[in-house]
Amino acid sequence: MYSREEIIEILKNTGDNEQLFALADKVRHEKTGDEVHLRGLIEFSNICKRQCKYCGLRAPNKKVSRYRMMPEEIILCAQNAAEAGYKTIVLQSGEDDYYSRDILCRIISGIKKFDTAVTLSIGERSFEDYKAFKDCGADRYLLRIETTDKDLYKKMHPGMDINTRIRCLEHLRELDYEVGTGCLVGLPDQTPESLADDILFFKEINADMVGIGPLIPHPETPLKECPPGSLTTALKVMAITRIILENINIPATTAMETLDPEGRILALKSGANVIMPNVTPTIYKNKYEIYPNKAGYSENALKSRKYAEEILKKAGRSISKGYGFRKK
Ligand code: 5AD
């Protein structure tokens, strides 16, 4: 286990990272094996009440054309993905209060009939909501902390409170979800010290999944003039996370691939063991613009699976047939 100082030193080191990435790859191989888990991602609504400074879906962005998929449409989309072989469906959206507890429960119960694991990625909700979703069969929840730096968190998320977010993560843990979190790399004024604290936070809460992505500036957000985050730094944060948390699930994130066509393969060779192909219906896909030029677009669940297979073949890995829970 690295100390905080060691992590900071690794992050500050501008030399070659081959050794770090090779060690992360070895830990990944030993603790999770060579199978890669595919998660079919459905981006079911791009309506969001929040104002996160980096995100293209932020409420004040009037230039996005907003959509909401109806419950039947979401369930059908999940069915297609399940028939194409996906064993996990990830339901992601902006923070859209249209989806009441009851509506979401209906969607989750509908999808659970297809014998898949269900992951939710829909932001901050009440304990009672989280409990109801779990009772209907939701298995996992993704809620990135984004940054553990309190001042930076405040600047990036007007009207939000980092303590509320931490409380949400605690609630999810208490309800026995598999809990995913993660951070952005390349936020303005973010330091190696603060990234080291992010990694130690993942360890402290014993996250089951950690997603790390470089910032990609969106032209319709206050961060439009920011330089993009460094792919190498994002890969380093990911590799250190793998080495410290060992058996968790770590996706090769789309943001990594968006920055560099080789990004996902590099990630799979530096600690990642999950990919999340996008199975959102084509009519909505390009409207879910968290950041511009999102990678991995294709026409349907089968095609995105094929696309993932290609990527995996290049990295010498195979696709898992299981649900892909954290290895004990
Ligand atoms: N660049 C990269 N990642 C982003 N996210 C939001 N906006 C951006 C951006 N501009 C990430 C956040 C969020 C996840 C769904 O997408 O970390 O948790």
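**Notebook: pockets, cavities and the ligand site**

I looked up the largest pocket first and found Tyr2, Ile10, Asn13, Asp16, Asn17, Gln19, Leu20, Leu23 and Lys236 along its lining. A pocket here is an open set of points on a 1 Å grid over the protein atoms alone, with protein on both sides within 12 Å along at least five of seven lines, and lining residues have an atom within 4 Å of a point. I noted about 160 Å³ of space in this pocket, a volume being the space filled by probe spheres set on the points, which are joined across faces, edges and corners. Helix α2 (residues 18-32) gives the most to the lining, with three residues; helices are DSSP runs of H or I of at least four residues, strands are E runs of at least two, and both are numbered from the N terminus. I sorted the lining of the largest pocket into four nonpolar, three polar and two charged residues. In this scheme Ala, Val, Leu, Ile, Met, Phe, Trp, Tyr, Cys and Pro are nonpolar, Asp, Glu, Lys and Arg charged, and the others, Gly among them, polar.

For the record, this is a predicted model, in which local features need pLDDT of at least 70 and side-chain atom pairs pLDDT 80 or more, while totals for chains, interfaces and linings use all residues. Residues are numbered from 1 along each chain as its sequence is written, and side-chain values use heavy atoms, without hydrogens and water.

Next I searched the whole structure for cavities (sets of points where a 1.4 Å probe fits but cannot get out) and got three of 30 Å³ or more. The second largest cavity holds about 50 Å³ of space. Its lining includes His37, Arg39, Lys87, Arg305 and Tyr323, and divides into four nonpolar, five polar and three charged residues.

I then turned to the ligand. Its surroundings (residues with a heavy atom within 4 Å) include Gln92, Leu184, Pro214 and Ile290. The shell comes to eight nonpolar, one polar and two charged residues. I listed its polar contacts (pairs of N or O atoms within 3.5 Å). A backbone N or O atom of Tyr54 lies 2.9 Å from a ligand nitrogen. Polar side-chain atoms of Arg144 and Glu146 lie 2.8 Å and 2.5 Å from an oxygen atom of the ligand. The protein covers 86% of the 410 Å² of accessible area that the ligand has on its own, by the Shrake-Rupley method with a 1.4 Å probe.

Last, I checked Arg125, in the loop between β4 (117-121) and α5 (127-135). I entered Arg125 as buried because its relative accessibility is 14%, and buried means under 20%.

How values were computed: Polar contact = N/O pair within 3.5 Å; in protein donor to acceptor, adjacent residues only side chain to side chain. Buried < 20%, exposed > 50% of the residue type's maximum accessible area, 1.4 Å probe, protein only.
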